[in-house]
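This report goes through selected local features of one protein chain. The model is a predicted one.

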Amino acid sequence: MMNRTVTKVIGAVAASVLALGTLAACGSSSSSDGKGQVYFLNFKPEAADSWKKIAATYTKETGVKVTVQTAASNTYEQTLRSEMAKSNAPTLFQVNGPIGLTTWNKYAADMSNSYIYKNLQNKDIALKADGTVKAVPYVMETYGIIYNKALLQKYVGKSYAVVKSIKEINSFKTLKAVADSIQKHKSDLGVEGAFTSAGFDSSSDWRFKTHLANMPLYFEMQKDGITGQPKTVKGTYLKNYKDIFDLYLTDSTTPKNQLSSKTADDATSEFATGKAVFYQNGTWAWTDLQKAGFKASDISMMPLYIGVGDEAHQGLTTGSENYLCINSKASQADQKATDAFLKWMITTEKGKKALSKDMGFVTPFKSMASIKSDNPLVNVAQEDAKSGKKDVTWNFTIMPSENWKNNLGSALLAYAQGTGNWDGVKKAFVDGWKTEYDASH
């Protein structure tokens, strides 16, 4: 997400369509031996090293060249447009969901006969266009509020704690009371804030303009019975969005006037060094947290509460924005080579280990269903799913454009810094939705 990771593949459809019009010379060049070759443009910076390593292994075993390039965080759409314009274009690329597929549909081959599609546990999660399967998800991810178990347990044991058990934190009201209390007693607890910095550098802002914004969008769509992408939104739960965002700002390690330059690495570092108890992120964060010295037993994750609905039975936020497409403009040899590489990745022990252990992914494939993850956040997500709680779905994949998210992010930052007000956020969320939807349709 990762990442993001997350940073998303959605581009402004109108702009992307114009950009696609310039891709007259796209297509990949097959190897001279007729085996074809694979060029994967990877979306996830945190998995870059693992992808390169397994690509080299595959090439050594099969003789088929596999090249992996990773786009910098928040530049995937731009990088994809640039790479697709080259003669040796990616044979394998990603879209983030239905909107992303709309942009790149003409470059997405029919994957109905691909092994990875046929191996899905639930084929309904694949994306279709023009009556055929065009994109197959390879990662299912979950996000919420990650917490440092030792620090939160330390707080729970204090005489001033507002709860006596971590399990009591099952609503926004309780989360706010706990965070406010931690912030008040931060010196005694040895922390600098309840939450890590809500940074608005491009490596971090997706957490708030996309993942956090998913929450009011999800509950509005649930309330109004909306499926698919609506032409307009009401902003029914924007007050709740404001409440959780305000909590991130007030109970933080960082003054509001420093948020514009704070990065994802800053938030990770603050959490890893015990300066903060809470950190909004997802299962993909484990790779970085593990590198920072965390053990699997050190962290856990709770739902992202905003004060709406049956919070006691609310689950974590789970979905995918990682859909693989095979480039229809690539040579037939390269398309076959790419399909074969993907099959190898989800059926061989080396490939499965790379995806599940090295990259920490939860995959939707039958061939990998029995694999237990080393990622503690994944295990929390799986336990949460089995608990009977209702998962919050990923609705940000139908946000109308990257421009909508960027405008929302700018309004959030202005609000945080005091140069704008919450009405600006409302306007970006509600009015901006209609503007961007109309522009792309």
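## Aromatic cluster and ring pairs

Phe-195, Phe-200, Phe-208, Tyr-241, Phe-245, Tyr-248, Phe-278, Trp-404, Tyr-415, Trp-422, Phe-429 and Trp-433 are joined by ring pairs into a cluster. In the structure as a whole there are 31 aromatic pairs. The rings of Trp-206 and Trp-284 form a tilted pair, because their centres are 6.2 Å apart and their planes stand at 55°, an angle that is neither under 30 degrees nor over 60. This pair connects distant parts of the chain, 78 residues apart: Trp-206 is in helix H9 (residues 206–212), and Trp-284 is in the loop between strand S8 (276–282) and helix H13 (286–291). Trp-206 counts as buried at 2% relative accessibility, and Trp-284 is buried with a relative accessible area of 7%.

The rings of Tyr-241 and Trp-422 have centres 5.8 Å apart and planes at 65°, so this pair is edge-to-face. Here too distant parts of the chain are linked, with Tyr-241 in helix H11 (residues 238–250) and Trp-422 in helix H18 (residues 422–440), 181 residues apart. Both Tyr-241 and Trp-422 are buried.

## Charges over rings

Two lysines are placed with their charged ends over tyrosine rings. The charged end of Lys-123 sits over Tyr-117, 6.0 Å from the centre of the ring. For Lys-329, the ring is that of Tyr-107, and the distance to its centre is 5.4 Å.

## Helix H14 and its neighbours

Helix H14 covers residues 332–347, which is 16 residues; at 1.5 Å a residue the expected span is 22 Å, and the end C-alpha atoms are 23 Å apart, so the two agree. The buried residues in H14 are Asp-334, Gln-335, Ala-337, Thr-338, Phe-341, Leu-342, Trp-344, Met-345 and Ile-346. As background, an α-helix has 3.6 residues a turn, so residues three or four places apart point the same way.

The axes of helix H2 (residues 48–62) and H14 come within 12 Å and cross at roughly 110°. H2 is therefore roughly perpendicular to H14, as the range for that class is 65 to 115 degrees. From H2, Trp-51, Ile-54, Thr-57, Tyr-58 and Glu-61 meet Ala-337, Ala-340, Phe-341, Trp-344 and Met-345 in H14.

H14 also packs with helix H15 (residues 349–358), at an angle of about 80° and with the axes 5 Å apart. These two helices, H14 and H15, are therefore roughly perpendicular to each other. On the H14 side the contact is made by Trp-344, Met-345, Ile-346 and Thr-347, and on the H15 side by Glu-349, Lys-350, Gly-351, Lys-352, Ala-354 and Leu-355.

## Three buried residues and their contacts

Leu-259 is located in the loop between H11 and helix H12 (264–272). Its relative accessible area is 2%, so Leu-259 is buried. Leaving out residues up to four places away in sequence, Leu-259 touches Ser-197, Ala-198, Gly-199, Phe-200, Asp-201, Leu-249, Thr-254, Leu-413 and Ala-416. Leu-259 and Asp-339 are 80 residues apart along the chain, and their C-alpha atoms are separated by 43 Å.

Ser-181 belongs to helix H7 (residues 172–184) and is buried, with a relative accessible area of 7%. With residues up to four places away in sequence not counted, Ser-181 touches Tyr-155, Tyr-160 and Val-162. Pro-137 lies in strand S5 (residues 132–137), where it counts as buried at 0% relative accessibility. On the same sequence exclusion, Pro-137 touches Leu-120, Ile-125, Ala-126, Ser-320, Asn-322, Tyr-323, Pro-364 and Phe-365. Between Pro-137 and Leu-127, 10 residues apart in sequence, the C-alpha to C-alpha distance is 8.3 Å.

## Positive phi in loops

Asn-74 has a phi near 70°, a positive value in a residue other than glycine. Asn-74 is placed in the loop between strand S2 (66–70) and helix H3 (76–84). With a relative accessible area of 26%, Asn-74 is partly exposed.

Asp-130 is another residue other than glycine with a positive phi, here near 55°. Asp-130 is in the loop between strand S4 (127–129) and S5. At a relative accessible area of 63%, Asp-130 is exposed, because the cut-off for that class is over 50%.

Terms used: Residues numbered from 1 in each chain as written. Predicted model: local features only at pLDDT ≥ 70, side-chain atom pairs only at ≥ 80, totals over all residues. Heavy atoms only, no water. Helix = DSSP H or I, 4+ residues; strand = E, 2+ residues; numbered from the N terminus. Expected span 1.5 Å × (residues − 1). Buried < 20%, exposed > 50% of the residue type's maximum accessible area, 1.4 Å probe, protein only. Phe/Tyr/Trp six-rings, centres within 6.5 Å; stacked < 30°, edge-to-face > 60°. Lys NZ or Arg CZ within 6 Å of the ring centre and 35° of its normal. Axes fitted to C-alpha atoms, helices over the stretch in contact; angles between N-to-C directions. Parallel < 35°, antiparallel > 145°, perpendicular 65-115°, else oblique. Contact = heavy atoms within 4.5 Å.
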